[in-house]
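Visitor: Could you walk me through this model? I would like to begin with one residue and then move outwards.

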Amino acid sequence: MFSVALPTAVADGVPTVVGRPGSGGIALTLAQTGTDPSSMALFAALGLPFLAALLAPLVYRALGERTAWFAALVALVSFGLVASQYGTQGPVTLPWIPTLGISLTLYLDGLSLLISLLASGVGVLIFTYSAGYMHDEPGKARYYATLLAFMGSMLGVALASDLIALFVFWELTSITSFGLVGHYRDSESAQSAARQALIVTVSGGLFMLVGFILLAYASEVAFGAPTFTLIGGPDSMIANAEAMRTALRNTGLFLPVLGLVALGAAAKSAQVPLHFWLPSAMEAPTPVSAFLHSATMVKAGVFLVGRTRPLLTGEEWMVLFASLGLLTMTVTAIRALGATDIKELLAYSTASHLGLITAGFGFTNQLGAETGAFHILNHALFKATLFLVAGIVAHEAGTRALDELGGLRHDLPLVGVITAIAALGMAGVPPFNGFYSKELLYEAAYETAHELGGLAWAFPVVAVVGSVFTFLYSIRFLWLFMGEKPDSLGAVHSPSYALVAPPAVLAGLAMVVGIDPQLAVDTIVQSAFASTVAGEAHSMSVYLPTYLSPAVAMSAVTIAAGIALSPFYDRLADGVRRLSQGPATATWWYDGAVVGLERASAVSLPRLQTGRFRTAAVWLLGSTVLLVLAGYVAAGVSLPAFTGLSVTAPVVVILAVAVLAAAAIGIAPSHIAGVLTLSILGFMVALFFVLSSAPDLALTQLVVETLVLVIFLLVLDKLPAFYGEATRSNVVRDAVLAAGVGLTVCLTVLVATAPSPDTIAGFFVETAPLPEGGGGGNIVNVILVDFRALDTLGEISVVAMAAISVVTLIAMRGRGESS
């Protein structure tokens, strides 16, 4: 009904549409032209918001509240730069350290273009809205700087070509979100919500990072050399998706990588059971909620799902993401019924629609990819609109409580029209924009169930159930403007143009999509959909249904059930509130985990931090030993073979003396004896360097050892005159720890000095004597003064500054005030 396979042509490996039903010409897609994007335009679009964020405090001093227009202009320029690259596709590279092959690479395709246009385009409207909303709010300079930095971070997520850059920008969105959610620093609830959002999203990002590292390891198995390039170029992971999947399965890493990537995406996009942070984040100013928590940041998770879909798609992918998305869609839609605050309702609604997008990308048929790509656009349009409407209502009516609001159409008629367009789109009522992507979900779920049978029939059933609750809370939000105005509601003022214009623009765009969905498909959605498909993508064709199909029947059931249950909304809401308490909520488990960690810290801290050096050394060295040895075991490190080993008599004598000195340190009767015995060990090491033809190392060792001996002797009078009594358990513990440290150091030296065919020593041996290499016979000296000249200069500078500081302190010692 909604998607048909049309004749396609392939040019340079990119599928292009040659026609669609009902069109008299050719439907062009983004990638059809095949031209490369401009590196200057993309890097300028990415860097401009960060530069503006640095300048925002200075701009605020000059412009005051008009800084909002400065920020809106920056967002508009970024939007224009990105939009100027419409019709191009490919990577662009900015060399950083060319000699080391280090560079920053961005990649533009349909999916990254869609997310970038949303981040910058909605950003223009949000900054404009902020000019009216943030009029009397505190910390505006910090607000605009952080919001600009967030916009740049989100552009980085969308455009990143390699996994490292993607992770860096990913975590930057979490950090800037932390500052924005906790904008009201005097509010304890805002600070708690900011910490909660940071803990969940950053923790998910760290798990995702482990998945990225495993992907790089699998790329070495697949290609012979590791790469972090996810997309862009013939050597990227997605360009060799089949080889990557084979490598992941052969190494047993497919399921771990899939789970780790899913965890990162679920944390960022508020999927069950990690959805609880999003309603709490509504403590942020309303423009932040509209920008971060509806249109942009929470889209990062579903963007990651769409981006990695061609790489990891398969049966496991569908079971995980389709189930997770539909579960989130339904659970959070039910929770939205129990909301008492309009922003809380919209927060749960956001999580529900993110679940719909995740479920769409989860279905492995192309209908699922269509669902995810189209609903990213639709959800951004109607949800950002509704958040801005919520801000207008709270700003002008003075309350956000659902029970205290109603009949607002009399005071806010234009806002009521805007709300109707967005709310009906959110409900999935035809012909509004959300209807079309919901229909695609129904069709994808039904097709999957029809193909697999059995338990797969739960997919369309759950999709319908979740959509029924979506219809209910959408109509409840719309009802704020219907009915009679409560007597308790005071005067509702007319909002300023700065508050009304942004949601009006978004609602207008949503209406255009609803009237002509194919226009949106041909303009941007087709290319975004093609970016999430492995292989050739068919043409999307979306229009109002004219005949009965399973998807149309599912929509009819959804709307009919929603209308039938509407009179019982209050009873359903009360029931949801009663059930959403205690262990039945994810927040309860999060709070319990936080409290448990705090109690564990309170109990363990006195044992870990006793104020004694011995205790600190035990925990530090013990943890280091365990981590290093565990790493060697996990990596399968093997010791080098000892071949051609020969030891001369002088070396045996020196090593024997060193061993005896080491043993004598443990039984030394005093500090002085222990320090002197320790110096014997150090001097033996210096003699060993002499016998090994390394006089420069021997000289360094002698100087350091002498200085350490002198320093120890100078401070001995400040230490206790005796070592103290040690219990047998302490002696055993220290002996085991000392043996572990020695073993770890020994293994590390052996592993680090193992012969390698790629050793750099050969390069130094061959190049150092040459005139262009250094022209010296002492290779170590040539390395220090030629190959590592800057490093040596830095070390000399540090020593010189330390010497100047010491001389200055000595010269000033007699200038202090006398008592």
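**From one residue to the whole chain**

Guide: Leu-699 is exposed, with a relative accessible area of 55%, where exposed means over 50% and buried under 20%, with a 1.4 Å probe and protein chains only. This is a predicted model, in which local features need pLDDT of at least 70 and side-chain atom pairs count only at pLDDT 80 or more, while totals for chains, interfaces and linings use all residues. Residues are numbered from 1 along each chain as its sequence is written, and side-chain values use heavy atoms, leaving out hydrogens and water.

Visitor: Which helix is Leu-699 found in?

Guide: Leu-699 lies in helix H26, helices being DSSP runs of H or I with at least four residues, and strands runs of E with at least two, numbered from the N terminus.

Visitor: And what patch does Leu-699 help to form on the surface?

Guide: A nonpolar one, whose members also include Leu-678, Val-703 and Phe-712, with about 940 Å² of accessible area together. Its largest share, 10 residues, comes from helix H26, residues 695-715. Such patches take residues with over 30% relative accessible area and no salt bridge (a side-chain nitrogen of Lys or Arg within 4 Å of a carboxyl oxygen of Asp or Glu), and nonpolar side chains (Val, Leu, Ile, Met, Phe, Trp, Tyr) are joined within 5 Å, like charges within 9 Å.

Visitor: Zooming out, how many helices and strands does the chain have?

Guide: The chain has 30 helices and four strands, and its C-alpha atoms fill a box of roughly 95 × 70 × 55 Å along the principal axes.

Visitor: What percentage of the residues is buried?

Guide: Of the 819 residues in the chain, 48% are buried.

How values were computed:
Areas by Shrake-Rupley, 256 points an atom, 1.4 Å probe, with all protein chains shown as cover.
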